[in-house]
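Please open the model in your viewer and keep the sequence panel beside it. The tour below moves from the whole chain to its parts, one selection at a time.

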Amino acid sequence: MKKVLSTSALVVCFGLGLVYAATASQQEPKQNPRPPELDKPGEIETTSKPKPNYLFPDNSNKTEAQLIKKENVIGQLKKDLKLKQIKLAKYSEYLENKKQRVGDIIENLQVHPKRLVWVVEIDAPLGVEVPQKNGQFVKFRKSSIIIAVDAETGQKFDTDIVEIP
């Protein structure tokens, strides 16, 4: 069985436990009820929506010279880890590749789909230990580590560890 760890999935799972929805009996009547003509099947509600305000906007027009150098993205690798490749890609391309690799994805909606990221692939032929919040470690045998780093700010967006059978 293949083990997969995704940091974005951990954040979302913990966040979901804090959301509570009121039941119909607990909700107060609406002050401005929805007009019945908008409830027709197949009708699209036409309201003007503002453009999304991304925390990390589109920067696809920047050249590689205007971005963080790939040599500075990950720094020094720990012993027994080997850099497989590092490449520049759009965030949407990274997500598509991730979906093919691990199946499900959780998209960071603060990142514009055309935002440039450095995608770093690292081989861990002897495995890797990942610390948990409870102080214990999860051990992955031979693994592949994929990291997405914002190419402009250097902020890490995502890390996946996929155990290789």
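What follows is a sequence of selections, each with a short account of what is there.

**The whole chain.** Begin with a cartoon of the full chain, bearing in mind that this is a predicted model. The cartoon shows 2 helices and 7 strands, and, followed along the sequence, these elements come in the pattern β-α-β-α-β-β-β-β-β. Of the chain's 165 residues, 27% count as buried. If you turn on contacts between residues at least 6 apart in sequence, 65% of them join residues at least 24 apart. A surface representation covers about 12,300 Å² of accessible area, of which carbon and sulfur atoms contribute 54%.

**The largest nonpolar core.** Next, select Val-73, Val-120, Ile-122, Val-128, Ile-145, Ile-147 and Ile-161, which have the most contacts inside the largest nonpolar core, a set of 17 residues. Colouring β3 (116–124), β4 (128–131) and β6 (143–150) will then show strands that each supply at least two residues of this core, with β3 giving the most, at 5 residues.

**Val-120 and its surroundings.** Now centre the view on Val-120, and leave aside residues up to four places away in sequence; Val-120 then touches Val-73, Ile-74, Leu-83, Gln-85, Ile-86, Ile-145, Ile-146 and Ile-147. A second, separate core can be selected from here: it has 11 residues, among them Phe-56, Val-119, Ile-146 and Ala-148.

**Helix α2.** Move on to residues 91–102, which form helix α2. Its 12 residues, at 1.5 Å a residue, should span 16 Å, and a distance drawn between the end C-alpha atoms gives 16 Å, which agrees. Show the side chains of Tyr-91, Tyr-94, Leu-95 and Lys-98, the buried residues of α2. When you look down the axis of α2, these buried residues fall within an arc of 100°, so they line one face of the helix. Just after α2, select Gly-103, whose phi is positive, near 95°.

**Glu-64.** Finally, go to the loop between α1 (7–16) and β2 (82–90), where Glu-64 is found. Is Glu-64 buried or partly exposed? Glu-64 has a relative accessible area of 48%, and is therefore partly exposed, given that exposed would require over 50%. Apart from residues up to four places away in sequence, Glu-64 touches Leu-88 and Trp-118. As a last step, draw a C-alpha to C-alpha distance from Glu-64 to Glu-152: these two residues lie 88 residues apart in sequence and 9.6 Å apart in space.

Conventions. Residues are numbered from 1 along each chain as its sequence is written. This is a predicted model: local features need pLDDT of at least 70, side-chain atom pairs count only at pLDDT 80 or more; totals for chains, interfaces and linings use all residues. Side-chain values use heavy atoms; hydrogens and water are left out. A nonpolar core is a set of buried Ala, Val, Leu, Ile, Met, Phe, Trp, Tyr and Cys residues joined through side-chain atoms within 4.5 Å. Buried means under 20% relative accessible area, exposed over 50%, partly exposed in between (1.4 Å probe, protein chains only). Helices (H or I, at least four residues) and strands (E, at least two) are DSSP runs, numbered from the N terminus. Contact means heavy atoms within 4.5 Å. Accessible areas come from the Shrake-Rupley method with a 1.4 Å probe; for residues, only the protein chains shown count as cover. The expected span of a helix is 1.5 Å times one less than its number of residues. The arc is that of the directions from the helix axis to the C-beta atoms.
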